[in-house]
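Subject: A structure for you to look at

Hi,

Here's the structure I promised to pass on. Have it open while you read, and I'll take you through what turned up.

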Amino acid sequence: MLLAAALDFVREARSCPEVLRIALVGSISTGKPIPKDVDLLVTLADHTDLTSLAQAARRLKGRAGAINLGADIFLCNGDGRYLGRVCGFRECHPRAACEGLQCGSGRRLKDDLHAVTLDLSLTLEPPIELWPVVKRRVAVPDDVERLLLAALEREATRVSGARPGAG
């Protein structure tokens, strides 16, 4: 269920004009037997309006929460600089629970850099890239390969008309 929700997120988020790349990071990209969440890294061309991406992220978080798991959408720019996470609130206004430095700006960016940061090495070369091209930099867990990567590669093949691995 969690990987199906991640797949749906990728399908939705890749249509957002600001999205350059979507990658899988965190424990779900490792051999950890029971990951508690799915962590995705989204590389952005621009982060001034994340409304459509935030909607997709809330749907993913809702589906993950329905099965008592979690989801985080980490953001970086094209140079790999970590920007923060997608805000989980539908309406943007200062809240006691919000840790974003610019909360209330309406940008849907939870820039809680004082609490969470990602290494440049991770943002530049994440373990598993999902879109626009599937790339594996680590040994991929079987379920991730079967339920997520294979589906994305089949879709890419249908769109391009090429065979996987050809070229």
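Let's begin with the cysteines. Cys 16 is buried, with a relative accessible area of 6%. Cys 76 is buried too, at 0% relative accessibility. Both fall under the 20% cut-off for "buried". And how many disulfides does a search of the whole structure find? Zero. Keep in mind as you read that this is a predicted model.

Now step back to the protein chain. There are 167 residues in the protein chain, and 44% of them count as buried. The chain has four helices and seven strands. If you follow the sequence from start to end, they come in the pattern α-β-β-α-β-β-β-α-β-β-α. There's also a number for how the chain folds back on itself: take the contacts with a separation of 6 or more, and 60% of them are between residues 24 or more positions apart.

The helix I'd spend some time on is α1, so find residues 2–13. What does α1 pack against? One partner is helix α2, residues 51–66. The axes of α1 and α2 are 9 Å apart, at an angle of about 170°. Angles over 145 degrees count as roughly antiparallel, so α1 is roughly antiparallel to α2. On the α1 side, the residues that meet α2 are Leu 2, Ala 4, Ala 5, Ala 6, Asp 8, Phe 9, Glu 12 and Ala 13. On the α2 side you'll find Leu 53, Ala 56, Ala 57, Arg 59, Leu 60, Arg 63 and Ala 64. Sorted by class, this contact has 11 nonpolar residues, four charged ones and no polar ones.

Another partner is helix α4, residues 142–160. Here the axes come within 10 Å and cross at roughly 25°. That is under 35 degrees, so α1 counts as roughly parallel to α4. The crossing is right-handed. From α1, the contact uses Leu 3, Ala 6, Leu 7, Val 10 and Arg 11. From α4, it uses Asp 143, Val 144, Leu 147, Leu 148, Ala 151, Leu 152 and Glu 155. Those residues divide into nine nonpolar, three charged and no polar.

One thing to try on screen: click on Ala 6, which is listed in the contact with α2 and also in the contact with α4.

Shout if anything is unclear!

Cheers

Conventions: Residues are numbered from 1 along each chain as its sequence is written. This is a predicted model: local features need pLDDT of at least 70, side-chain atom pairs count only at pLDDT 80 or more; totals for chains, interfaces and linings use all residues. Side-chain values use heavy atoms; hydrogens and water are left out. Axes are lines fitted to C-alpha atoms, for helices over the stretch in contact, and angles run from 0 to 180 degrees between N-to-C directions. Helices (H or I, at least four residues) and strands (E, at least two) are DSSP runs, numbered from the N terminus. Angles under 35 degrees count as roughly parallel, over 145 as roughly antiparallel, 65 to 115 as roughly perpendicular and the rest as oblique. A crossing is left-handed if the near helix is turned anticlockwise from the far one by less than a right angle, and right-handed if clockwise. Contact means heavy atoms within 4.5 Å. Ala, Val, Leu, Ile, Met, Phe, Trp, Tyr, Cys and Pro count as nonpolar, Asp, Glu, Lys and Arg as charged, and the others, Gly among them, as polar. A disulfide is a pair of cysteine sulfur atoms within 2.5 Å. Buried means under 20% relative accessible area, exposed over 50%, partly exposed in between (1.4 Å probe, protein chains only).
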